[in-house]
Amino acid sequence: MAVKILKRSFFQRMLGIPATGMPLKPGCWVFSGKEITIDLDKAPELAAPGGALRLEGAGLPVRVLVVRGEGDAFHAFRNRCTHLGRRRLDPVPGTATVQCCSVNTSTFTLEGKSIHGPGKNPLTVYPVEKKGNSLVVKIG
Ligand code: FES
(Lines give C-alpha, C1' and ligand atoms only; values in the text may rest on other atoms or scores of the structure.)
Protein backbone atom coordinates (compact mmCIF):
# COMPACT_ATOMS: atom_id res chain seq x y z
CA MET A 1 0.00 0.00 0.00
CA ALA A 2 1.41 3.38 -1.02
CA VAL A 3 1.76 5.78 1.89
CA LYS A 4 0.61 9.36 1.51
CA ILE A 5 2.00 11.91 3.94
CA LEU A 6 -0.53 14.35 5.36
CA LYS A 7 0.50 17.93 4.60
CA ARG A 8 1.53 19.58 7.87
CA SER A 9 4.14 22.20 8.66
CA PHE A 10 7.47 21.26 10.18
CA PHE A 11 6.49 23.28 13.24
CA GLN A 12 3.22 21.36 13.65
CA ARG A 13 5.08 18.07 13.34
CA MET A 14 7.80 19.10 15.78
CA LEU A 15 5.22 20.10 18.37
CA GLY A 16 2.96 17.12 17.64
CA ILE A 17 -0.09 19.21 16.81
CA PRO A 18 -2.66 16.96 15.14
CA ALA A 19 -4.84 18.10 12.24
CA THR A 20 -7.90 16.69 14.01
CA GLY A 21 -9.22 19.21 16.51
CA MET A 22 -11.47 18.67 19.47
CA PRO A 23 -15.20 18.17 18.68
CA LEU A 24 -17.07 21.19 17.34
CA LYS A 25 -19.91 20.22 19.67
CA PRO A 26 -18.36 18.89 22.89
CA GLY A 27 -21.70 17.41 23.97
CA CYS A 28 -21.80 15.04 20.98
CA TRP A 29 -20.50 12.15 23.06
CA VAL A 30 -20.81 10.59 26.52
CA PHE A 31 -18.73 7.98 28.29
CA SER A 32 -20.41 5.53 30.61
CA GLY A 33 -19.30 2.14 31.84
CA LYS A 34 -16.82 1.08 29.21
CA GLU A 35 -18.73 2.55 26.29
CA ILE A 36 -18.58 5.81 24.39
CA THR A 37 -21.85 6.82 22.74
CA ILE A 38 -21.63 9.39 19.95
CA ASP A 39 -24.70 11.21 18.66
CA LEU A 40 -24.03 11.47 14.91
CA ASP A 41 -26.59 14.29 14.63
CA LYS A 42 -24.22 16.38 16.76
CA ALA A 43 -20.96 15.20 15.20
CA PRO A 44 -20.62 16.85 11.78
CA GLU A 45 -16.98 15.74 11.72
CA LEU A 46 -18.20 12.21 10.95
CA ALA A 47 -20.74 13.19 8.28
CA ALA A 48 -18.51 12.26 5.34
CA PRO A 49 -15.84 9.61 4.61
CA GLY A 50 -12.42 10.74 5.81
CA GLY A 51 -13.82 12.68 8.75
CA ALA A 52 -12.63 12.12 12.29
CA LEU A 53 -13.63 12.86 15.85
CA ARG A 54 -11.06 13.27 18.62
CA LEU A 55 -12.29 12.30 22.08
CA GLU A 56 -10.40 13.14 25.27
CA GLY A 57 -11.14 14.03 28.87
CA ALA A 58 -14.59 13.85 30.49
CA GLY A 59 -13.54 10.76 32.44
CA LEU A 60 -12.32 8.88 29.39
CA PRO A 61 -9.31 6.78 30.53
CA VAL A 62 -7.64 6.85 27.10
CA ARG A 63 -7.60 9.22 24.13
CA VAL A 64 -9.78 7.90 21.29
CA LEU A 65 -9.93 8.75 17.58
CA VAL A 66 -13.03 7.78 15.59
CA VAL A 67 -12.67 7.81 11.79
CA ARG A 68 -15.32 7.46 9.12
CA GLY A 69 -14.12 5.15 6.36
CA GLU A 70 -15.93 4.47 3.13
CA GLY A 71 -19.71 4.44 3.22
CA ASP A 72 -21.07 3.72 6.66
CA ALA A 73 -17.91 2.12 8.06
CA PHE A 74 -16.56 3.64 11.27
CA HIS A 75 -13.27 2.81 12.98
CA ALA A 76 -12.04 3.66 16.46
CA PHE A 77 -8.49 3.63 17.81
CA ARG A 78 -6.61 4.45 20.91
CA ASN A 79 -5.26 7.84 19.82
CA ARG A 80 -1.67 7.04 20.64
CA CYS A 81 1.05 6.22 18.13
CA THR A 82 2.98 3.07 19.00
CA HIS A 83 6.33 4.86 18.55
CA LEU A 84 8.07 6.30 21.60
CA GLY A 85 6.59 9.78 21.33
CA ARG A 86 3.02 8.41 21.74
CA ARG A 87 1.71 11.29 19.64
CA ARG A 88 -1.83 11.61 18.33
CA LEU A 89 -3.12 10.33 14.99
CA ASP A 90 -4.99 11.83 12.04
CA PRO A 91 -6.83 10.24 9.12
CA VAL A 92 -5.14 10.77 5.74
CA PRO A 93 -7.85 11.83 3.25
CA GLY A 94 -8.17 9.65 0.18
CA THR A 95 -6.45 6.71 1.84
CA ALA A 96 -7.60 4.07 4.27
CA THR A 97 -4.92 5.05 6.77
CA VAL A 98 -4.27 7.03 9.94
CA GLN A 99 -0.96 8.74 10.56
CA CYS A 100 1.03 10.01 13.50
CA CYS A 101 1.21 13.80 13.71
CA SER A 102 4.94 13.79 14.54
CA VAL A 103 7.88 14.23 12.17
CA ASN A 104 8.26 10.46 11.77
CA THR A 105 4.73 10.00 10.33
CA SER A 106 4.15 6.41 11.41
CA THR A 107 1.18 5.22 9.38
CA PHE A 108 -1.36 2.49 10.07
CA THR A 109 -4.21 0.84 8.19
CA LEU A 110 -7.76 1.25 9.45
CA GLU A 111 -7.33 -2.22 10.93
CA GLY A 112 -4.44 -0.83 13.01
CA LYS A 113 -1.58 -2.52 11.16
CA SER A 114 1.69 -0.57 10.90
CA ILE A 115 2.74 0.11 7.30
CA HIS A 116 5.24 2.98 7.59
CA GLY A 117 7.57 4.59 10.09
CA PRO A 118 9.08 3.66 13.43
CA GLY A 119 5.79 2.79 15.15
CA LYS A 120 6.01 -0.92 14.35
CA ASN A 121 3.43 -2.30 16.76
CA PRO A 122 -0.25 -2.29 15.80
CA LEU A 123 -2.64 0.31 17.13
CA THR A 124 -5.23 -0.60 19.71
CA VAL A 125 -8.49 -0.86 17.76
CA TYR A 126 -11.89 -0.68 19.43
CA PRO A 127 -15.13 -2.20 18.12
CA VAL A 128 -17.71 0.26 16.83
CA GLU A 129 -21.40 -0.47 16.48
CA LYS A 130 -23.91 1.77 14.74
CA LYS A 131 -27.27 1.93 16.51
CA GLY A 132 -29.71 4.18 14.69
CA ASN A 133 -27.98 7.51 14.47
CA SER A 134 -25.54 6.77 17.27
CA LEU A 135 -22.20 5.05 17.42
CA VAL A 136 -21.18 2.90 20.35
CA VAL A 137 -17.44 2.41 20.88
CA LYS A 138 -16.47 -0.27 23.40
CA ILE A 139 -13.14 0.48 25.04
CA GLY A 140 -13.33 -2.14 27.77
S1 FES B 1 5.42 9.22 18.04
FE2 FES B 1 4.54 8.58 16.19
S3 FES B 1 6.17 8.33 14.82
FE4 FES B 1 7.09 8.97 16.68
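This section describes the fold, the four-stranded sheet, the nonpolar cores and selected loop residues of a predicted model.

The protein chain contains one helix and twelve strands. Read along the sequence, these elements follow the pattern α-β-β-β-β-β-β-β-β-β-β-β-β. The C-alpha trace spans about 35 × 30 × 25 Å along its principal axes. For a chain of 140 residues, a compact globule would be expected to have a radius of gyration near 14 Å, and the protein chain agrees with this expectation because its own value is 14 Å. Buried residues account for 44% of the 140 residues. The protein chain exposes about 7,200 Å², of which carbon and sulfur atoms supply 56%. Among contacts between residues at least 6 apart in sequence, 48% join residues at least 24 apart.

Four of the strands form an open sheet in the order β1-β2-β12-β11, with antiparallel pairing. Strands β1 (29–32) and β11 (128–131) stand at the edges; each has a single partner strand, so one side of each is left without a neighbour in the sheet. From one strand to the next, the twist averages 20°. In general, the strands of a sheet pair through backbone hydrogen bonds, in either a parallel or an antiparallel arrangement.

Within this sheet, β2 pairs with both β1 and β12. The pairing of β1 with β2 is antiparallel and extends over four bridges; F31 has I36 of β2 as its bridge partner. The two strands form a hairpin with two residues between them, and G33 in the turn has a positive phi of about 60°. Strand β2 (residues 35–39) is also joined to β12 (residues 134–138) by five bridges, the two strands running antiparallel. In this pairing, E35 is matched with K138 of β12, and I38 with L135 of β12.

The side chains of β2 alternate between two faces. I36 and I38 point to one face and are buried, whereas E35, T37 and D39 point to the other and are not buried. Such alternation between the two faces of the sheet is expected of a regular strand.

The two buried isoleucines of β2 also belong to the largest nonpolar core, which has 19 residues. The residues with the most contacts inside this core are I36, I38, L55, V64 and V66. At least two residues of the core are supplied by each of β2, β3 (52–55), β4 (64–68), β5 (74–78) and β12. A second, separate core comprises eleven residues, including F77, C100, F108 and L123. In soluble globular proteins, nonpolar side chains tend to be buried together. V66 illustrates the surroundings of one residue of the largest core: beyond its neighbours within four places in sequence, V66 is in contact with I38, L46, G51, A52, L53, L55, H75, A76, L135 and V137.

Several loop residues were also examined. P18 lies in the loop between α1 (10–15) and β1. The relative accessibility of P18 is 12%, below the 20% limit, and P18 therefore counts as buried. Residues up to four places away in sequence aside, P18 touches R8, R54, R88, D90 and C101. P18 and P91 are separated by 73 residues in sequence, yet their C-alpha atoms are 9.9 Å apart in space.

The loop between β7 (97–100) and β8 (107–109) contains S102 as well as T105. S102 is buried, with a relative accessible area of 9%. Apart from its neighbours within four places in sequence, S102 is in contact with R13 and R87. T105, at 7% relative accessibility, also counts as buried. Although T105 is not a glycine, its phi is positive, at about 50°.

A positive phi, near 55°, is likewise found at R86, a residue other than glycine. R86 is located in the loop between β5 and β6 (89–92). With a relative accessibility of 34%, R86 counts as partly exposed, whereas T105 counts as buried.

Key
Residues are numbered from 1 along each chain as its sequence is written. This is a predicted model: local features need pLDDT of at least 70, side-chain atom pairs count only at pLDDT 80 or more; totals for chains, interfaces and linings use all residues. Side-chain values use heavy atoms; hydrogens and water are left out. Two strands pair if DSSP finds at least two bridges between them. Axes are lines fitted to C-alpha atoms, for helices over the stretch in contact, and angles run from 0 to 180 degrees between N-to-C directions. The radius of gyration is taken over C-alpha atoms; the globule rule is 2.2 Å times the number of residues to the power 0.38. Buried means under 20% relative accessible area, exposed over 50%, partly exposed in between (1.4 Å probe, protein chains only). Contact means heavy atoms within 4.5 Å. Accessible areas come from the Shrake-Rupley method with a 1.4 Å probe; for residues, only the protein chains shown count as cover. A nonpolar core is a set of buried Ala, Val, Leu, Ile, Met, Phe, Trp, Tyr and Cys residues joined through side-chain atoms within 4.5 Å.
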